[in-house]
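New to this structure? Take a look at the model first, and then we'll walk through it together.

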Amino acid sequence: MITLASDFGTPYPAAMKGVILERTEAQLIDVAHDFPRQDVRTAAFWLREVLPYFPPATHLVVVDPGVGTDRDAIVVRAGDHALVGPDNGVLVPASWRLADGGIETYVIDESALEPVVPAHAHSSNTFHGRDVFAPAAADVHEVGVDSLASLSFLEATDEYVDLRLPAATVDADRASGEVLVVDDFGNVITNVPGEFLENRSRLLANGEPVPVGETFAAVPAGDRLATVGSHGYVELDVNRGRGDDAFGLAVGDGVVLESPESSSGR
Amino acid sequence: MITLASDFGTPYPAAMKGVILERTEAQLIDVAHDFPRQDVRTAAFWLREVLPYFPPATHLVVVDPGVGTDRDAIVVRAGDHALVGPDNGVLVPASWRLADGGIETYVIDESALEPVVPAHAHSSNTFHGRDVFAPAAADVHEVGVDSLASLSFLEATDEYVDLRLPAATVDADRASGEVLVVDDFGNVITNVPGEFLENRSRLLANGEPVPVGETFAAVPAGDRLATVGSHGYVELDVNRGRGDDAFGLAVGDGVVLESPESSSGR
Amino acid sequence: MITLASDFGTPYPAAMKGVILERTEAQLIDVAHDFPRQDVRTAAFWLREVLPYFPPATHLVVVDPGVGTDRDAIVVRAGDHALVGPDNGVLVPASWRLADGGIETYVIDESALEPVVPAHAHSSNTFHGRDVFAPAAADVHEVGVDSLASLSFLEATDEYVDLRLPAATVDADRASGEVLVVDDFGNVITNVPGEFLENRSRLLANGEPVPVGETFAAVPAGDRLATVGSHGYVELDVNRGRGDDAFGLAVGDGVVLESPESSSGR
């Protein structure tokens, strides 16, 4: 099984699929091809949250603002999974989540890849998804994660671009974090662990009082709430509405959550 | 084969696919993940029109404005098909269409489902698609529709939320119905059976004269027409244009179709 | 393997998939379903660029502004590939690219197709993708390209609507062409062969000076450049931005590329 994720929109992912299926029989599963353009951090977040639900697979990821620079192309082994993509950090949070026992990284030697040669093909400096990452992912899938060392185009390395999503600072009455991502529904996903909401029925979010609910339906349609989202983090949401609009929050904005009593003296 | 339909956008459907593929080998086919948000009736319409074209399959449907409330999760057996989703009526019109001989319904006991346990997973009150419906659909697919009773998490029931799409009132010269849905092309799909257009070359739609055509191409580009759409209903369309704009109609609006002569005396 | 391409949006492609899977077991791969509506030329371009990356397959294509007219439905054999769609030229540029040794064309006799008959199905004058092209593609896949003559609904023909994408006029210092397509990233893809950029570091594009770069990253973020795109043509792009906006160019617009010195006397 090979999953595909990119910021390519359409129809570029189809060219990657053709390249893969020319080389190997595999079930292909799209994770998303509408990640925000060239937004490595947002893609890294979603991959970390989604890929652990898959059985062992090869994951092809192309969110690559540095295409054409000297950034490396890499393969990461994470447990029974392999991730293939640019060395810009986008693979790292998912890899750490997948691999309890650490990860192995390899640099792709593009010149050692068996080239992609369709009728009248043009090699490309701008579409490494099709010309580098897709063939590498197909070949990784074909040999399996236990035989990565047998691939002549891979060289083990300890150097890669690390990327860790920011952690919140949490104490008993106050959590200080930020917005990791806003999903398609407008739900504001913070990096504050959901445990902060335990035994609370309300809190202050950036100074404004908000009820805490176990589900969206804990408040009337159109009302705001704080809840533990499906990723285990505190989300600032609106039941049947958009939390980002209601709270005026976007990716990267700071979020301070406090017990109402803790700030009552202000 | 498992089909998937939701209003999730992206990348949430990928998490459902991972959960399914962790449990069972199945070909996965997307029906749509951009159904209008939390619009049970529109999703029910499309599923009724599309699912009968599939061979026997398990159909996972998540359009679920009541997630987190006490609404049930259900499985419907309809002929050789199984439908899995929330008990809000979204599965019902498709189920009746699929099953000439009636349907069987089961409530899902979530606590009896083998839990979804990826690395570092968080159980969720807000993403039942991933945590309840996807694993249930995988297990239904694995045992097959003839063995639903063998699944310990299913209990037969006769109670479910019924949903019937509204029917039009039709006599010889007049049909009174409503707009069921507007498709991506802007075609206005009514609930008036296509037979009403037989032997007519023109009619009044909400009082305005419109030619009747067998195909879009029966009128010049940009012109309005009434035709029998691919679902068998009267559609109010524009050749190479948008019918919803031209007719000023939206979902739920009333539509009265009359023979020109029948209203000539008014 | 059957690929699917259309301008249908959603959920109509799912009905085509159901029809196919009712008739044959095949891996289904989406090329795109968001081609610009009824834009035969743009679809023809993308198919020509993407399909050659696939292994031998049946390609179902429905961009069909003439649905319901007397335009034919055709099957094209191109090498080991088969293409199925309307006879409006959309299949032609891809077919020629796929087949070094020429193509074979067949007209579909719709009345000889085994009909699509789901529960309560309605035949349709407006959805030939579901009712004609999908069943034909399934049957073509089932017999294979070497046995097309065995299909009773196919009749060989030499007449089909030809479509050739326009070629640029190129000499040593000047290339005169046009915009073939603008991709999702806003990259302006011209029909000027990439070889025109060899040994050039800058040029005039419609009179305005532009640097030539091997990759987007050759210029600072936000700057314009001319580069050889992934299709082998000159593209007018912006690093991490939209070329169409920066150059004020749209599909079909003329593009004149000149050496700076060649026009220095103006």
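What follows is a short tour, going from one chain, to its contacts with its neighbours, to a pair of helices.

Keep in mind that this is a predicted model.

**Chain A on its own**

Let's start with chain A. Its secondary structure is made up of five helices and 15 strands. Measured out along the principal axes, the C-alpha atoms of chain A fill a box of roughly 70 × 35 × 30 Å. Chain A has 266 residues, and 61% of them count as buried. If you take the contacts in chain A between residues at least 6 apart in sequence, 65% of them join residues at least 24 apart.

One helix of chain A is worth a stop. In helix α2, which covers residues 40-50 of chain A, 10 of the 11 residues are buried, so the helix is largely enclosed by the rest of the structure. Which residues are the buried ones in α2(A)? They are A:V40, A:T42, A:A43, A:A44, A:F45, A:W46, A:L47, A:R48, A:E49 and A:V50.

**Chain A and its neighbours**

Chain A touches chain B and chain C. Here are the two interfaces side by side:

| Interface | Residues in contact | Area buried | Share on carbon and sulfur atoms |
|---|---|---|---|
| Chain B and chain A | 34 residues from chain B, 29 residues from chain A | about 2,700 Å² | 60% |
| Chain C and chain A | 29 residues from chain C, 33 residues from chain A | about 2,800 Å² | 60% |

On the chain C side, three residues stand out: C:Y53, C:F185 and C:S230 supply 27% of the area that chain C buries against chain A, more than any other three residues.

How many salt bridges does the rule find across the interface of chain B and chain A? Zero. The rule also finds zero across the interface of chain C and chain A.

**Two helices that cross in chain B**

Now over to chain B, where helix α1 (residues 12-23) meets helix α4 (residues 128-143). Their axes come within 8 Å and cross at roughly 35°, and the crossing is right-handed. From α1(B), the contact is made by B:A15, B:M16, B:V19, B:I20 and B:R23. From α4(B), the residues are B:G129, B:R130, B:A134, B:P135, B:A138, B:D139 and B:E142. Sorted by class, this contact has seven nonpolar, one polar and four charged residues.

Note on methods
Residues are numbered from 1 along each chain as its sequence is written. Chains are lettered from A and ligands numbered from 1 in the order in which they are written. This is a predicted model: local features need pLDDT of at least 70, side-chain atom pairs count only at pLDDT 80 or more; totals for chains, interfaces and linings use all residues. Side-chain values use heavy atoms; hydrogens and water are left out. Axes are lines fitted to C-alpha atoms, for helices over the stretch in contact, and angles run from 0 to 180 degrees between N-to-C directions. Helices (H or I, at least four residues) and strands (E, at least two) are DSSP runs, numbered from the N terminus. A crossing is left-handed if the near helix is turned anticlockwise from the far one by less than a right angle, and right-handed if clockwise. Contact means heavy atoms within 4.5 Å. Ala, Val, Leu, Ile, Met, Phe, Trp, Tyr, Cys and Pro count as nonpolar, Asp, Glu, Lys and Arg as charged, and the others, Gly among them, as polar. Buried means under 20% relative accessible area, exposed over 50%, partly exposed in between (1.4 Å probe, protein chains only). Buried area is the accessible area (1.4 Å probe) that two parts lose on being put together, summed over both. A salt bridge is a side-chain nitrogen of Lys or Arg within 4 Å of a carboxyl oxygen of Asp or Glu.
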